[in-house]
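I opened the notebook to record what I looked up in this structure. The entries follow the order in which I checked things.

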Amino acid sequence: MTKSIITPVTVDDYRYLAEKRLPRFLFDYIDGGSNDETTLAANRADFRKFCLKQQVMRDVSHVDTTTSLCGQSASMPLALAPVGMAGMMAKRGEVQAARSAEEIGIPFTTSIVGICSLEEVSAASNQAFWFQLYMLRDRDIVLSLLERAHKAGCETLVFTVDLAVAGMRHRDFRNGMLGEGIKSRLAKLSQIILRPHWAMDVGIAGKPHAIGNLTDMIEEPVGLDAFKDFIDSQFDPTVTWKDIQWLRSVWNGKLIIKGLLETDDARQAVDAGADGVIVSNHGGRQLDGVASSISKLPAVTAAVGNDIEVYMDGGVRNGIDVLKAIALGANGVLIGRPWIWAIAAQQQAGLTALLNTFQKEMAVGMALMGVNRIDDLHPDLIE
Ligand code: FNR
């Protein structure tokens, strides 16, 4: 269905514009989940199961969305989640996102498998960013990445634990997108030809398209195949909590464990010395059939919320969703697809506008709930 969008406002508006701008295989790489995409759908649908309470006749003349996330002051309890290959969706995408996050005053997390290197992201903004790591088989490479992250001014490491192996993302297979054969190359080319703006802006002007942090390990041009081969060969499925203890011993900054859903695992993260956890199912891209992040959040905050910071991601699409997660005990939330759609559609300016909308939605929501401060949001305000 063709819509006329003069000024995009919601996440859905940006998704719609991103779909029109990106070659199909890239749009599907972002949009899709694993297997039947039931968890992907649940992440979104389950937010509707929680209702906010409206409290009236209170003085709400001083609504303030500011907070602190992992020791960093933030204009609202929101951060940009790590998204691999963001620089394929918009020209030097990680740089644009880091700048937008700085403008708004929230953390940006750069993925180990981003297109821009740690150094390029660091040079782009004055604000400290977060760095997301997967464990690689070669621990010397891990150590050198940590060293580079530290030198680049990063104080918070986000270690992702829900990708022992890559999930079954059928959309990436369906149209031959994962495959270097002539058939899939032609399919990709035919989709790129239909997207000349992307081809000029990102395909040509957005080079180099290497995985910036791992240029020695993954050859350019980066295709989903090269990327998947890398995951299969280098991602370490033997990782256990002992490795988190090792990571803790070699990383002096803050450590956040991303991608757990169960209270036992959250407790293990506390014991391993983590400063925070992110309740997450990788945006429905890993184990399909697992419960939504928002439905798992209350138990995790009850179990470890007094000991460490608890974050969540998956299905957050507006400021009201953020308020629900915070009221359920989260210190903050992260968004993945929304920020990618926004920069794919309208570059840094689009992302900044979207983040402003999130903040306004939060501020208006808080006023209508009768609360002035983020700390005043608590489970009694949810039904
Ligand atoms: C991701 N995610 C992700 N997570 C991570 O730890 N490292 C990564 O490199 C990536 N890459 C990635 C690529 C794409 C295209 C998507 C959509 C997601 C997961 C991401 O950090 C986050 O957990 C989810 O995106 C949150 O769900 P929403 O906000 O997309 O619904």
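**Entry 1: strand β9**

I began with strand β9 (residues 309-313), where 5 of the 5 residues are buried, so the strand is largely enclosed by the rest of the structure. I note here that the model is a predicted one.

Next I asked which residues of β9 lie on each side. I found Glu309, Tyr311 and Asp313 on one side, with Val310 and Met312 on the other. These residues are all buried, and both faces of β9 are covered.

**Entry 2: the neighbours of β9**

I then looked up the strands that pair with β9. On one hand there is β8, which pairs with β9 over 4 bridges in the parallel sense. In this pairing Gly276 stands opposite Glu309 of β9. I also traced the chain between the two strands: β8, helix α13 (residues 293-304) and β9 form a right-handed β-α-β unit.

There is also strand β10 (residues 332-335), which runs parallel to β9 and is joined to it by 3 bridges. Here I wrote down that Asp313 has Leu334 of β10 opposite it. From β9 the chain passes through helix α14 (residues 319-327) to reach β10, and this β-α-β crossover is right-handed.

**Entry 3: strand β7**

Is strand β7 (residues 254-260) mostly buried or mostly exposed? I counted 6 of its 7 residues as buried, so β7 is largely enclosed by the rest of the structure.

I looked up its partners too. Strand β8 (residues 276-279) is parallel to β7 and is joined to it by 4 bridges. Ile256 is placed opposite Gly276 of β8. Gly276 had already come up in my notes, opposite Glu309 in β9. The path from β7 to β8 goes by helix α12 (residues 263-271), and the three make a right-handed β-α-β unit.

The other pairing I noted is with strand β6 (residues 156-160), which runs parallel to β7 and shares 5 bridges with it. Within that pairing, Phe159 has Ile257 as its bridge partner in β7.

**Entry 4: the ligand**

Which residues come nearest to the ligand? Of the 24 residues around it, I listed Pro82, Ser111, Thr160, Asp313 and Arg317 as those. Asp313 is familiar from the first entry, as one of the buried residues of β9.

I then checked a few distances. From an N or O atom in the side chain of Ser111 to an oxygen atom of the ligand I read 2.8 Å. For the side chain of Arg317, an N or O atom is also 2.8 Å from an oxygen atom of the ligand. Gly336 takes part through its backbone, with an N or O atom 2.9 Å from an oxygen atom of the ligand. Taken alone, the ligand exposes 610 Å², and the protein buries 98% of that area.

**Entry 5: the whole protein**

I stepped back to the whole protein and counted 15 helices and 10 strands. Its radius of gyration is 20 Å, close to the 21 Å that the globule rule gives for 383 residues, so the protein is as compact as a globular protein of that length. I also noted that its C-alpha trace spans about 65 × 55 × 40 Å along the principal axes. Of the 383 residues, 57% count as buried.

**Entry 6: backbone oddments**

I looked for a cis peptide bond and wrote down the one from Lys207 to Pro208, with omega near 5 degrees. Pro208 sits in the loop between α9 (196-204) and α10 (224-234).

I also wrote down two residues with positive phi. Arg92 is not a glycine, yet its phi is about 45 degrees. Arg92 belongs to the loop between β3 (78-80) and α4 (93-104). Its relative accessibility is 14%, and buried means under 20%, so Arg92 counts as buried.

Gln347, which is not a glycine either, has a positive phi near 60 degrees. Gln347 is in helix α15 (residues 337-369). With 22% relative accessibility, Gln347 counts as partly exposed.

**Entry 7: Ala149**

My last look-up was Ala149, in helix α6 (residues 139-151). Ala149 has a relative accessible area of 0% and is buried. Between Ala149 and Ser117 I noted 32 residues of separation in sequence and 9.8 Å in space, C-alpha to C-alpha.

Terms used: Residues are numbered from 1 along each chain as its sequence is written. This is a predicted model: local features need pLDDT of at least 70, side-chain atom pairs count only at pLDDT 80 or more; totals for chains, interfaces and linings use all residues. Side-chain values use heavy atoms; hydrogens and water are left out. Buried means under 20% relative accessible area, exposed over 50%, partly exposed in between (1.4 Å probe, protein chains only). Two strands pair if DSSP finds at least two bridges between them. A crossover is right-handed if, with the strands pointing away from the viewer, the path from the first strand over the helix to the second runs clockwise. A residue is near a molecule or strand if one of its heavy atoms lies within 4 Å of it. A polar contact is a pair of N or O atoms within 3.5 Å; within protein, one must be able to donate a hydrogen and the other to accept it, and residues adjacent in sequence count only if both atoms are side-chain atoms. Accessible areas come from the Shrake-Rupley method with a 1.4 Å probe; for residues, only the protein chains shown count as cover. The radius of gyration is taken over C-alpha atoms; the globule rule is 2.2 Å times the number of residues to the power 0.38.
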